[in-house]
Amino acid sequence: MGIKVEAKSYYAQNTFHVNDWAITPGVRIEDIRIKTDVRRADGEVQNNPESKLTNNQTEVLPGLGVAWNGIANTTFFGGVHKGFAPPRPDRDLRADGPNSAVVDKTKPETSTNWEIGMRSNYFKGVNFSSTLFYTKFDDIVINNGAGNFVNGGESAMSGLELGGRIDFGTIYNTSHNIYLLGSYTNTFTAKFKKDGQDADSGIVSGDRLPYAPRHLASVNLGYQHPVGLDARIGATYVSKQEVDAFARALDPVDAALSGLAGDVPSYTLFNASVNFKPVGSKVTYFASGYNLADREYLASRVDGMSVGRGRQVFGGIRYDF
């Protein structure tokens with residue numbers, strides 16, 4: 001198989017300042033050209049006309065952002081932007097032995113993205129941010145279970161993101177800083193908006209999108225010492241996830257044997273890290289631990305039941321030139 005990709009991108013934007021307001025309009029143009037030739041193992045290009053495909057796509061992506069800074073150390077912002085995810089070069093390929101061929105062109109995944117929120121460090125030692133978002137996909141790309149990807153029609157996602165950090169060392173004016181760091185995302189909407197054209201696709205209007213957990217959360221407790229030490233320990237939580245749409249339409253027996261169907265259960269992992277950079281030094285010593293409790297958890301069903309990473313601990317040295 002031979003794949004040639006040519007990608008060009010152009011953009012222009014400018015920020016206009018009016019008193020406490022900043023208004024930023026912009027536009028981006030993406031030009032993607034993909035040429036696919038399926039070849040036999042001996043390198044010869046197949047004569048099958050379906051073995052050649054040119055997939056050319058050009059997208060104009062406008063956007064507008066607005067920010068207001070009328071309160072000290074605080075910014076309120078909002079915006080709307082057109083999004084674009086080009087097709088992966090091998091998305092249009094069907095691999096089935098000597099009859100390998102390219103199939104229907106996959107349209108790019110385009111979206112309209114809205115957001116409104118604020119970020120602030122108005123209070124001493126406290127940083128906080130909050131964002132409401134809504135994304136409408138015009139033609140989301142999904143796995144069809146046959147070794148390639150297809151367009152899944154309209155879908156939508158909306159939710160709330162929260163993030164913040166409290167530095168008690170700053171609040172109490174001490175060089176020994178204990179801090180609390182956290183983030184939370186609630187994706188309360190993530191659904192298909194139209195039924196699929198094929199019953200076997202599993203795409204049902206109102207069903208939740210694949211691998212879109214409703215809740216994502218992390219919290220970390222850390223300590224910074226004035227000699228250059230920074231250590232933290234924390235937990236990460238991922239709620240239940242739905243699998244690929246096609247897997248939901250499988251025969252129950254086939255689903256049980258393949259491991260493709262069924263929920264991906266929620267899980268919580270404990271992690272830790274430590275960094276030490278002596279004052280005035282260009283060397284940083286670091287160590288990190290992932291899944292410290294060595295919990296067994298299911299991470300994916302894309303190719304059957306796949307477990308997540310077990311306990312992993314590593315360390316190293318970083319030098320800044």
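Two strands are counted as paired when DSSP finds at least two bridges between them. An instance is the pairing of β15 with strand β16, in which V238 has Y267 of β16 as its bridge partner.

## Model and overall composition

The structure is a predicted model. The protein has 321 residues, of which 33% are buried. Its secondary structure consists of three helices and 20 strands.

Among contacts in the protein with a separation of 6 or more, 60% are made by residues 24 or more positions apart. The accessible surface amounts to about 18,500 Å², and carbon and sulfur atoms contribute 57% of that area.

## The run of strands from β13 to β17

Strand β13, residues 177–192, and strand β14, residues 215–225, are antiparallel and share ten bridges. Within this pair, N177 lies opposite Q224 of β14. Strand β14 is in turn joined to strand β15, residues 229–238, by ten bridges, again in the antiparallel sense. Here L221 has I233 of β15 as its bridge partner. The hairpin formed by β14 and β15 has three residues between the strands, and G228 adopts a positive phi near 115 degrees.

The pairing continues from β15 to strand β16, residues 267–276, through ten antiparallel bridges. Strand β16 then pairs with strand β17, residues 283–290, through five bridges, also antiparallel. In this last pair, the bridge partner of F276 is Y285 in β17. Six residues separate β16 and β17 in their hairpin, and the turn includes G280, whose phi is positive at about 85 degrees.

## The pairing of β8, β9 and β12

A further set of pairings involves strand β8, residues 109–120, and strand β9, residues 126–137, which are antiparallel and connected by ten bridges. I116 faces L132 of β9 across this pair. The two strands form a hairpin with five residues between them, and G125 in its turn has a positive phi of about 80 degrees.

Strand β9 also pairs with strand β12, residues 155–167, in the antiparallel sense over twelve bridges. T131 is matched with E161 of β12 as its bridge partner.

## The surroundings of A67

A67 belongs to strand β4, which spans residues 52–71. Is this residue buried or exposed? Its relative accessible area is 15%, and the cut-off for buried is under 20%; A67 is therefore buried.

Leaving aside residues up to four places away in sequence, A67 touches D20, W21, A22, T75, F76 and F77. One of these, A22, is 45 residues from A67 in sequence, yet the C-alpha atoms of the two residues are 5.1 Å apart.

## The largest pocket

Rolling a probe the size of a water molecule over the atoms reveals where empty space remains. The largest pocket in this model has a volume of about 430 Å³. Its lining comprises 18 residues, with V150, N151, G196, Q197 and I203 nearest the centre.

What is the chemical make-up of the lining? It divides into eight polar, six charged and four nonpolar residues. Two strands, β10 (141–143) and β11 (149–151), each contribute at least two residues to this lining.

Definitions and conventions: Residues are numbered from 1 along each chain as its sequence is written. This is a predicted model: local features need pLDDT of at least 70, side-chain atom pairs count only at pLDDT 80 or more; totals for chains, interfaces and linings use all residues. Side-chain values use heavy atoms; hydrogens and water are left out. On a 1 Å grid over the protein atoms alone, a cavity is a set of points where a 1.4 Å probe fits but cannot get out, and a pocket is an open set with protein on both sides within 12 Å along at least five of seven lines; lining residues have an atom within 4 Å of a point. Grid points are joined across faces, edges and corners, and a volume is the space filled by probe spheres set on the points. Helices (H or I, at least four residues) and strands (E, at least two) are DSSP runs, numbered from the N terminus. Ala, Val, Leu, Ile, Met, Phe, Trp, Tyr, Cys and Pro count as nonpolar, Asp, Glu, Lys and Arg as charged, and the others, Gly among them, as polar. Buried means under 20% relative accessible area, exposed over 50%, partly exposed in between (1.4 Å probe, protein chains only). Contact means heavy atoms within 4.5 Å. Accessible areas come from the Shrake-Rupley method with a 1.4 Å probe; for residues, only the protein chains shown count as cover.
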